[in-house]
Amino acid sequence: MWFGTWSGVSILDFSLDPIPDPNFEQALIDLGIDKNGLTGDILRSEAEAATFIDITDAGVSDLTGIEAFINIESVQGDRNNIVTVDISNNTKLKQFHLNQNSLTSIDFSNNLLLEGVDLYSNNLTIIDLSLQTNLTAVAFGGNPLLEHLNVRNGNNINVTEFLVFDLPKINCIIADDSISQVMIDSGKTFSPDYTDVVLIPDVNFEQALIDIGIDRNGFSGDILRSDAEAATELNVSNPLFTSDDRYDNDLIVNVTEKITVLTGIDAFINITKLSCWGGELSSLYLSNNPLLKIVELVDNQISSINLSQNTELTLLWLETNALTEVDISTNTKLENIAFGYNSLTELDVSSNTELWVITSEGNQLSTIDVSNNAILEQLWVFDNPPLAQLDVTQNPLLFRIGIWNTSITTLDLSNNPITGLWAANNPLLEHLDMRNGNNPNVTTFWLDNTLNLTCINTDGIGVPDISQIMIDSSKTFSEDCGDFVYIPDPNFEQSLIDIGIDSDGVVNTSILREDAEDSLLTSLNLNNPKFTSENYGFNNDLIQNVTGKIVDLTGIEAFINLINLQISYSDITMINVDSNV
């Protein structure tokens, strides 16, 4: 369901998120948050509107549904029966209090804004708050099973509450060099160097590390830091779940379930390659892995990933995940990206000038700008139904393109040495220009179900000018189908785009003949306001993106219905309007 605003009218989201614990839902009803009654679910809009919930003494045992509360800042849930909770979606949390529950584990890696955490009287074994740089208040007493406590986050000097009583297994707390007096008064031992182990809470991740031979201290919920730092490549792609056996790790033989979190990955500071195919990862931060060159995280459930610190990346595969956006603006060394089968509506590759292959099929892209990708060789954007426009005239090395099942109407490949074209199932495709001098070398030419494509512009109409593969497609070829008009002057063409005549919207040295011959196009004003004299009264204010004067009106002869032509203050030396009679 789409939701947002349209034509000034607010469109509400009526999606529902399950709340299977009736006590949790009743508490939400009592708070006035859940307004649709005890139905086992809550309107997503109601969940997203909430910033605070207090379910103290509510008899809650299951917090499933909390992930829908994406704007929640404070959770108060003391004295319940909660064993596990997933707060990875609650990235705005500042206060989190679940004292006197039955928690056995909790992952705070996505909750970077936390200021206060109270978890006393639980069954936790590991607490890691090393990423929470705003943290000032904690209470962890009464966790007799707690073995690892890390609060080294750079803000210990500002801690005002530090309750850490009854922690018999804690010998040393990992903390900053400078800690507050409240922490000192707790009587605990602190050390910034007590980091010989790294917590690995996901049992499947740790078992994979054991199978691979990286984790040498056994199944203990952690790994020696020295072992993590010694690794230069990390492939935890389980053969049971990897969709392509070329990329799995056959050493992994004792893991029977999917990896859900890679907590601890930040200790692998020297890895240049990370591979985890077929997991259940939902989010990932790789800011502490600056040497990474290759990242393969195919077939997961990743909805967010931060790659801003991974400036050495050359290959990034994130196919078949849950991404709605991805930022690769700082990853300028990327050569190969694969983002297929996500939910992307846009993809910015303008900063990635080293790319030679882009794979982004199975998304919702309406366009993609590859004008900066001069060395691009392969482009795969099929199964993007909204895709209606594509300009590859600035990609002179492009030799393979997959663009089937889109809404494309025009495809100009005259500047690309195409050897493989996959463009079937494009019912709107009417114009294709293949006059690139490389037609004899075409080995794939798939154009099934393109009924509106009645003539293709090619280097010739038979062997040796075009390949036998092209002929076998049973399409009609011509050296000039007559559907394109040559417009060599970019300022002339940009003017036509600004005015709204050139329908493909890109400067590519041609316009569709049908655009030029439009029967309603009887007047053409090319007077650019940037160059006309002051107080000149015949400017065309639609012309906004033309920075130079028109010098060549080649193509004007196709405007056969013109009655009125205006072009003052240009650098034209000759004009032929014999066809405009």
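Strands are here taken as DSSP runs of at least two residues, numbered from the N terminus, and on this basis two of them, strand 23 (336–338) and strand 24 (357–359), each supply at least two residues of the lining of the second largest pocket. The model in which this pocket is found is a predicted one, and the values reported below are computed from it.

In overall composition, the protein chain holds 8 helices and 36 strands. The C-alpha trace, taken along its principal axes, spans about 95 × 55 × 50 Å. Of the 581 residues of the chain, 49% count as buried, while the accessible surface comes to about 25,600 Å², with 49% of that area belonging to carbon and sulfur atoms. When contacts between residues at least 6 apart in sequence are considered, 29% are found to join residues at least 24 apart. The chain carries 21 positive and 83 negative charges, and the mean positions of these two sets lie 5 Å apart.

The second largest pocket encloses about 250 Å³ of space. Its lining is made up of 14 residues, of which Tyr247, Trp277, Trp317, Glu319 and Ala338 are the closest to the centre of the pocket. Strand 23 gives the most to this lining, with 3 residues, and strand 24 (357–359) also supplies at least two.

Several features of the backbone were found in loops. Val463 and Pro464 are joined by a cis peptide bond, for which omega is about 10°. Pro464 is placed in the loop that runs between strand 31 (456–457) and helix 6 (468–471). On the other side of helix 6, in the loop that leads to strand 32 (477–478), Ser474 is found; phi of Ser474 is near 65°, a positive value in a residue other than glycine. With a relative accessible area of 66%, Ser474 lies over the 50% limit and is therefore classed as exposed.

A positive phi in a residue other than glycine also occurs at Asp166, where the angle is near 55°. Asp166 belongs to the loop between strand 12 (161–163) and strand 13 (173–174). Because the relative accessible area of Asp166 is 48%, a value that falls between the 20% and 50% limits, this residue is classed as partly exposed.

Definitions and conventions: Residues are numbered from 1 along each chain as its sequence is written. This is a predicted model: local features need pLDDT of at least 70, side-chain atom pairs count only at pLDDT 80 or more; totals for chains, interfaces and linings use all residues. Side-chain values use heavy atoms; hydrogens and water are left out. Helices (H or I, at least four residues) and strands (E, at least two) are DSSP runs, numbered from the N terminus. Buried means under 20% relative accessible area, exposed over 50%, partly exposed in between (1.4 Å probe, protein chains only). Contact means heavy atoms within 4.5 Å. Accessible areas come from the Shrake-Rupley method with a 1.4 Å probe; for residues, only the protein chains shown count as cover. Lys and Arg count as positive and Asp and Glu as negative; His and the chain ends are not counted. The place of a charge is taken as NZ of Lys, CZ of Arg, CG of Asp or CD of Glu. On a 1 Å grid over the protein atoms alone, a cavity is a set of points where a 1.4 Å probe fits but cannot get out, and a pocket is an open set with protein on both sides within 12 Å along at least five of seven lines; lining residues have an atom within 4 Å of a point. Grid points are joined across faces, edges and corners, and a volume is the space filled by probe spheres set on the points.
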